[in-house]
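Please open the structure in a viewer and keep a selection tool at hand. The tour proceeds from the whole chain to individual side chains.

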Amino acid sequence: MWDNLKVLHIITSLGPGGAEGMLYRLILASKNSIEHSVICLNKGGKYVSLMQKANIEVLVLNLKIFSSYKGIIPILKYSKAKRKQGYQIVTSWLYHADLVAWFVKSLCGFKSLVWNIRYTRLQLGRSSFKNWLILKTLAILSKYKVDRIISCSKSAGELHKKIGYNKNIFRIIPNGYFLNKTQKFDKNLKKYDGLFKICFIARWHHQKDFETLFQALDLLKFNKISFQLTIAGNNTNVENKELIALLKKYKLNEFCLLRGEVDNVQSIYLNSHTSVLCSAYGEAFPNVLAESMLNFTPCISTNVGDAAIILDDVGTIVPIGDYKAIADALTENHRLLRDENDVYINNCLRGFDKIYSKYDIQDIAKNYQEVWKYLE
């Protein structure tokens with residue numbers, strides 16, 4: 001159905017991240033029917049080798065964020081070569097890549113340009129003036145030569161429309177995930193032996209609001225709930241002096257395991273009773289929620305991005321920055337685990353079922369393919 005469709009992707013980086021992971025999953029899910037090629041503006045990383053193993057051609061430029069002009073010649077040379085090979089569509093991921101892709105379409109003769117809105121991090125008061133200027137520039141450019149804007153969440157789409165993006169070309173396509181259709185639920189991993197196991201998968205960044213979570217855990221400690229928090233993500237190991245100081249401030253060192261970046265985050269989810277997303281801003285479609293539920297772990301999240309849609313009927317939403325509400329939600333999850341285990345187990349299964357039914361990468365890939373085919 002999609003024969004001869006060729007798509008050039010431009011992305012800011014290919015290290016661990018939500019947009020990077022989604023691009024990789026999308027390519028794998030559709031590579032048998034669509035030819036993909038990728039330009040990575042900044043550093044390579046985790047997904048470069050994974051894409052190369054899947055026989056996807058990747059050009060890594062190692063440019064600094066605001067020095068993309070140094071890569072003009074290799075970008076244009078590579079893009080023109082792809083255009084001669086029959087590539088008609090450019091799809092970009094993340095803001096700086098959107099800007100570069102706009103010029104690639106204009107200068108290299110591509111027929112169509114698709115932007116991706118992956119998150120809402122560039123907000124006035126939360127980022128530098130230079131970043132805010134880029135966002136406003138993109139809003140203006142979106143009205144010229146941009147054929148479709150795909151947002152992974154309704155909330156991010158609405159925010160960008162308010163900023164000035166062309167509201168007539170948006171389409172909402174959520175993230176998708178590979179599903180293990182033979183995966184079985186092991187109740188033994190969720191046994192309660194008196195220790196409430198919580199996981200927090202997040203990179204070290206003020207967006208993730210570590211302190212509010214630690215304030216909530218301080219309340220759990222005060223209420224004599226025995227717990228263990230596992231933290232995993234970029235710069236969350238014992239070498240992070242700021243993180244260690246924050247743990248000491250709330251006297252949580254002995255209650256926390258700091259894992260840093262891990263390859264098998266699924267194991268952390270599977271061996272936890274509850275996962276928490278505590279972000280203060282900047283989320284669109286939080287991958288950690290879907291990934292947690294795919295590993296049978298109920299979630300608590302602040303009301304950021306589309307978290308309320310993802311967790312509707314299967315998780316708990318709390319106000320941003322409200323450590324007491326987070327503590328209450330954790331306490332309730334602990335109570336269910338301890339006193340109403342059948343209800344807790346059912347919550348594990350319902351979360352899995354929701355992600356399984358709504359966010360299969362094969363279905364999501366078909367939505368992308370429909371957009372590309374329409375624009376070809």
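Begin with the entire chain displayed. Of the contacts in the protein with a separation of 6 or more, 72% are accounted for by residues 24 or more positions apart. The model is a predicted one. A cartoon representation shows 14 helices and 13 strands. Along its principal axes, the C-alpha trace spans about 65 × 45 × 35 Å. The radius of gyration of the protein is 21 Å, which agrees with the value near 21 Å for a compact globule, because the chain has 376 residues. Buried residues make up 55% of those 376 residues.

**The nonpolar core**

Next, select Leu14, Tyr165, Phe214 and Leu217. These are the residues with the most contacts inside the largest nonpolar core, which has 133 residues. Centre the view on leucine 217 and display its surroundings. Leaving aside neighbours within four places in sequence, leucine 217 is in contact with Ile198, Phe227, Leu229, Leu252 and Leu330.

**Aromatic pairs**

Now display the aromatic side chains. The count comes to 14 aromatic pairs. For one of them, select tryptophan 93 and tyrosine 368: the ring centres lie 6.0 Å apart and the planes meet at 10 degrees, so this pair is stacked, the limit for stacking being under 30 degrees. Tryptophan 93 belongs to strand 4 (residues 89-93) and tyrosine 368 to helix 14 (residues 361-375), so the pair links distant parts of the chain, 275 residues apart. Both tryptophan 93 and tyrosine 368 are buried.

Move on to phenylalanine 185 and phenylalanine 296. Their ring centres are 4.8 Å apart and their planes stand at 35 degrees, so this pair is tilted. Phenylalanine 185 is found in the loop between strand 7 (170-172) and strand 8 (196-201), and phenylalanine 296 in the loop between helix 10 (287-294) and strand 12 (299-302); the pair therefore ties together parts that are 111 residues apart in sequence. Phenylalanine 296 counts as buried because its relative accessibility is 3%. Add Phe352 and Tyr356 to the selection: together with Phe185 and Phe296 they form one aromatic cluster.

**Threonine 302**

Select threonine 302, which is located in strand 12. With a relative accessible area of 0%, threonine 302 is buried. Display the polar atoms here: a polar atom of the threonine 302 side chain lies 2.7 Å from the backbone oxygen of serine 279. Not counting residues up to four places away in sequence, threonine 302 touches several others, among them Leu277, Cys278, Ala307, Ile317, Pro319 and Ile326.

**Two lysines in loops**

Go to lysine 145, in the loop between helix 5 (129-141) and strand 6 (148-151). Over the ring of which residue does the charged end of lysine 145 sit? Display tryptophan 102: the charged end of lysine 145 sits over that ring, 5.5 Å from its centre. Lysine 145 is partly exposed, with a relative accessible area of 45%. The backbone also merits inspection, since phi of lysine 145 is positive, near 70 degrees, in a residue other than glycine.

Finish at lysine 224, in the loop between helix 7 (210-222) and strand 9 (227-232). Is lysine 224 buried or exposed? Its relative accessible area is 75%, so lysine 224 is exposed. Although lysine 224 is not a glycine, its phi is positive, at about 65 degrees.

Notes
Residues numbered from 1 in each chain as written. Predicted model: local features only at pLDDT ≥ 70, side-chain atom pairs only at ≥ 80, totals over all residues. Heavy atoms only, no water. Core = buried A, V, L, I, M, F, W, Y, C linked by side-chain atoms within 4.5 Å. Buried < 20%, exposed > 50% of the residue type's maximum accessible area, 1.4 Å probe, protein only. Contact = heavy atoms within 4.5 Å. Phe/Tyr/Trp six-rings, centres within 6.5 Å; stacked < 30°, edge-to-face > 60°. Helix = DSSP H or I, 4+ residues; strand = E, 2+ residues; numbered from the N terminus. Lys NZ or Arg CZ within 6 Å of the ring centre and 35° of its normal. Polar contact = N/O pair within 3.5 Å; in protein donor to acceptor, adjacent residues only side chain to side chain. Rg over C-alpha atoms; globule rule 2.2 N^0.38 Å.
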